[in-house]
Amino acid sequence: MRSSAAAAGGGAPERASPQLPPSAGAERGGPMRGGAAGLAMVLVVVMGVSGAGKTTVGSRLAAKLGWKFYDADDYHSPENKKKMAEGIPLNDEDRIPWLWALHDILRREHSSRQDAVLACSALKKMYRHVLVSGASAIESNHPEQPKENPALQILFVHLDGPADVIAGRLEKRRGHFMPPELLKSQFDTLEPPCTPENFITVSLEKSLPEMVLEIEHAIFSG
Ligand SMILES: Nc1ncnc2c1ncn2[C@@H]1O[C@H](COP(=O)(O)OP(=O)(O)OP(=O)(O)O)[C@@H](O)[C@H]1O
Ligand SMILES: O=C(O)[C@H](O)[C@@H](O)[C@H](O)[C@H](O)CO
């Protein structure tokens, strides 16, 4: 796992002419995007269950593009990490403050016009809503997004694939606090993104370079 906020590459974000396959075809949902040329900056959240490859894919994408990379695992409280390490799934109460903190990071990057990639499970629709809108996502008395903090435009990249493939990878993974036994609860909690969310779905069974190319295609071709 990479350390948090590793600025991969260091230089100014370059988004000119990435090498894309002729028909990079991730399943796509949500509003159409105009392509990177029309975007001031880009926020990508690579999401999915534990072991889906979020850290691997997200850090590679960020390194290739020279964008900032954040791993949500680095922002869990010690209590949350202990809970997971003991084989107890997190609940909404455990996750919401963590998601608020992650929203604040994305908001800060947005404010400084910094392209960024975040690897974060974001399993439920409500969790993704918190990443997009922060606390106002769950304050029912304030359904309107405050004008000073408009909703963030985030592309969610769902790494999707069979539980047995992921379980096989988790069994081989070493030195991580998340036990493979929690995979079932992760799938039980997962609400795959759907329209009108802004998302693509990428098969985690593809090779790492293929997945990164698909995501680049979605970012740059809209
Ligand atoms: N495309 C791939 N092909 C084969 N193995 C992969 C691929 N992507 C990731 N892996 C391996 O699968 C394991 C899980 O990947 P990774 O840690 O990136 O997942 P994650 O979604 O970030 O997990 P967690 O949420 O538990 O932190 C790692 O050991 C990684 O090396
Ligand atoms: O929402 C969650 O249940 C957690 O974020 C988990 O997904 C872990 O953080 C991660 O998968 C372990 O590395």
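In the next few minutes I will go through the core, one central strand, the two ligand sites and one helix end of this predicted model.

Let me begin with the core. The largest nonpolar core holds 52 residues, and those with the most contacts inside it are V44, V45, V46, V117, L118, L131 and V157. The element that gives the most to this core is helix α7, residues 208–221, with 7 residues. To take one of those well-connected positions, V117 touches V44, V46, G58, L61, A62, W67 and F69, if we leave aside residues up to four places away in sequence.

That brings me to strand β3, residues 43–47, where 5 of the 5 residues are buried. How are its two faces arranged? Both are covered, with L43, V45 and M47 buried on one side and V44 and V46 buried on the other. As for its partners, β3 pairs in the parallel sense with strand β5, residues 116–119, over 4 bridges, and within that pairing V45 has L118 as its bridge partner. β3 also pairs in the parallel sense with strand β6, residues 154–160, this time over 5 bridges, and here V46 stands opposite V157. You may recall that V45, L118, V46 and V157 were all named among the residues with the most contacts in the core.

Now to the ligands. Ligand 1 is surrounded by 15 residues, of which the closest are S50, G53, T55, T56 and R169. Which element supplies the largest share of that shell? Helix α1, residues 54–65, does, with 3 residues. Sorted by class, the shell around ligand 1 has 4 nonpolar, 7 polar and 4 charged residues.

For ligand 2, the surrounding residues are S50, D73, L90, R95, S121, L123 and M178, and by class they divide into 3 nonpolar, 2 polar and 2 charged. S50 therefore deserves a second look on your screens, being listed among the closest residues to ligand 1 and also in the surroundings of ligand 2.

Finally, let me turn to S111, which lies in helix α3, residues 92–111. Is S111 buried or exposed? S111 is exposed, because its count of other C-beta atoms within 10 Å is 9, and a residue with 12 or fewer is classed that way. S111 and M41 are 70 residues apart in sequence, while in space the distance between them, C-alpha to C-alpha, is 9.9 Å.

Definitions and conventions: Residues numbered from 1 in each chain as written. Chains lettered and ligands numbered in written order. Predicted model: local features only at pLDDT ≥ 70, side-chain atom pairs only at ≥ 80, totals over all residues. Core = buried A, V, L, I, M, F, W, Y, C linked by C-beta atoms within 7 Å. Buried ≥ 20, exposed ≤ 12 C-beta atoms within 10 Å, placed from the backbone. Helix = DSSP H or I, 4+ residues; strand = E, 2+ residues; numbered from the N terminus. Contact = placed C-beta atoms within 7 Å. Near = placed C-beta within 6 Å. Nonpolar A, V, L, I, M, F, W, Y, C, P; charged D, E, K, R; others polar. Pairing = 2+ DSSP bridges.
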